Amino acid sequence: MTTVHEPTVSGDLAGELSVWPASTTEPRAGDVAVGGVPLAEIADRFGTPVYVLDEGEVRERCRTYRHAFPEAEVLYAAKAFLCRAMVHWVEEEGLGLDVCSAGELELAVTTGFPAERILLHGNAKSPRDLELALRLGVGRIVIDSPSEIARLAAAVGPGRRQKVMVRVVPGISAGGHDKIRTGTEDQKFGMSLRDGYAQHAIARILDQPRLELTGLHCHLGSQITTVKPYLAAVRRMVGLMARLHEQHGLVLPELDLGGGHGIAYRPGEPALDLTALARKVRAELVEACAAASLPVPRLIIEPGRAVVGPAGVAVYHVLSVKHTGGHTFVAVDGGMSDNPRPALYGVPYAPRLIGRHSVAAPAPATVVGRHCEAGDVLAADVELPADVRPGDLLAVPVAGAYHLSMASGYNMVGRPPVAAVHAGHARLLVRRESLDDIRSRDVGL
């Protein structure tokens with residue numbers, strides 16, 4: 001996805017900040033502000049590590065999706081990042097929600113989000129997940145395996161019907177890393193189109209009077225930066241719709257193409273062109289349906305990372321600087337417990353010194369975390385001022401997605417807080433996990 005709008009800076013700095021929230025400014029050399037609030041002030045007020053989330057950027061990206069896909073249903077993928085404020089912003093901007101657990105579902109509904117605008121995912125839904133989804137009245141449940149069909153049908157109360165979709169594996173390889181490619185046969189999600197598994201499951205669903213099949217679902221993977229895989233998915237999914245029409249007289253009103261829209265983590269990296277995606281997918285869908293003599297189904301898309309990722313910044317204090325073996329290691333007060341993605345997927349980030357102006361020449365360094373793992377690396381072989389020292393602040397952009405949601409309790413350091421910034425004001429959204437929180441879960445000897 002292209003950046004919604006450029007930061008209000010120019011020249012070399014504009015390029016350097018191209019992956020930062022659009023509200024990012026540098027009112028004084030080295031003093032970076034987001035949403036009108038200096039990041040050094042955020043660090044001083046809330047401590048570090050801290051996640052900073054630009055409310056305006058989140059809202060603008062929601063609107064960008066609504067404008068690009070005016071006829072589609074846009075569901076925010078809650079797994080990327082969720083808290084009560086995020087639920088509120090998404091609801092106000094007219095998006096639905098895609099959730100993967102009873103926890104995400106309950107948080108959304110108790111915040112006031114309409115259950116009928118929520119879709120439940122999951123390759124292995126627990127009884128608790130399904131029970132709560134049915135009790136709260138979620139709009140759709142995506143069936144991911146044949147075993148869910150009878151289990152879900154039996155759980156639906158007498159006289160009721162639950163709308164469902166079927167997750168289909170279209171056999172398309174796309175995504176930024178093997179571990180986040182989900183459109184091929186060799187992973188745990190969905191049912192195969194190639195071997196007829198999906199068609200068999202659909203026939204079983206049609207025999208269940210308490211289940212109402214509304215459409216097909218597929219998700220190709222994450223960090224996809226080209227339009228071509230989505231067009232291939234449209235053709236294969238419409239082909240399946242055509243076969244279902246021939247075999248069962250079935251006309252499905254919905255087609256969900258999932259998300260996975262790629263963003264840039266460092267200046268100069270590619271990102272998915274949202275405008276081109278919307279235009280070409282719409283044209284491909286119309287053409288494919290016309291060729292199959294089918295009405296055009298309503299399109300559903302599920303962006304997560306592309307909505308919240310570029311709106312976040314993680315801020316750390318430098319604890320030590322070590323020069324050893326020809327390398328410079330800059331250790332910060334966070335690490336893989338608050339951002340496991342570099343260790344899991346090798347994701348590259350672009351940290352920046354903030355809070356002071358350095359005139360030192362840039363030098364190669366590796367930013368590492370505080371944890372007892374050699375793989376606890378936040379950013380390898382990046383350029384930082386040669387005089388970086390303990391006590392400095394480093395800020396890492398594009399930290400809004402999959403940081404807090406994947407944060408762990410490793411070494412019992414506690415998960416960081418989330419602070420929102422908007423129009424010159426900062427407020428706490430999620431408090432820091434304290435040692436008292438950690439101790440309270442331990443019920444004794």
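This passage goes through some strand pairings, two cavities and one pocket in a predicted model.

We can start with the strands, where β17 has a partner in β15 and another in β18. Strand β15 covers residues 327–332 and β17 covers residues 362–368; the two run parallel, with 3 bridges joining them. One facing pair here is Val330 and Val367, the latter sitting in β17. Strand β18, residues 377–385, pairs with β17 too, this time in the antiparallel sense and over 6 bridges. In that pairing Pro362 stands opposite Pro385 of β18. As background for anyone looking along these strands, side chains in a regular strand alternate between the two faces of the sheet.

Strand β18 turns up again in the second largest pocket, which holds about 390 Å³ of space. Its lining counts 18 residues, and those closest to the pocket centre are Glu16, Arg352, Leu353, Ser358 and Pro385. So much for the centre; as for the elements, β16 (352–354) and β18 are the ones that give two or more residues to the lining of this pocket. The largest share, 5 residues, comes from β18. Pro385 thus appears twice in this account, opposite Pro362 in the strand pairing and among the residues closest to the centre of the pocket. By class, the pocket lining is a mix of 9 nonpolar, 3 polar and 6 charged residues.

Next come the enclosed spaces. The model has 4 cavities of 30 Å³ or more, and the largest of them has about 70 Å³ of space. Around the largest cavity sit Tyr51, Val52 and Leu53, along with Phe81, Gly312, Val313, Ala399, Gly400, His403, Leu404 and Val418. Two elements, β4 (50–54) and β14 (312–324), each give two or more residues to this lining. Strand β4 provides the largest share, with 3 residues. Sorted by class, the lining of the largest cavity comes out as 8 nonpolar and 3 polar residues, with no charged ones.

The second largest cavity has a volume of about 50 Å³. Its walls are made up of Met241, Leu250, Val251, Leu252, Cys289, Leu294, Pro295 and Pro297. Here the class count is 8 nonpolar residues, with no polar and no charged ones. Put side by side, the linings of the two cavities have no charged residues, whereas the lining of the second largest pocket has 6.

Notes: Residues are numbered from 1 along each chain as its sequence is written. This is a predicted model: local features need pLDDT of at least 70, side-chain atom pairs count only at pLDDT 80 or more; totals for chains, interfaces and linings use all residues. Side-chain values use heavy atoms; hydrogens and water are left out. Two strands pair if DSSP finds at least two bridges between them. Helices (H or I, at least four residues) and strands (E, at least two) are DSSP runs, numbered from the N terminus. On a 1 Å grid over the protein atoms alone, a cavity is a set of points where a 1.4 Å probe fits but cannot get out, and a pocket is an open set with protein on both sides within 12 Å along at least five of seven lines; lining residues have an atom within 4 Å of a point. Grid points are joined across faces, edges and corners, and a volume is the space filled by probe spheres set on the points. Ala, Val, Leu, Ile, Met, Phe, Trp, Tyr, Cys and Pro count as nonpolar, Asp, Glu, Lys and Arg as charged, and the others, Gly among them, as polar.
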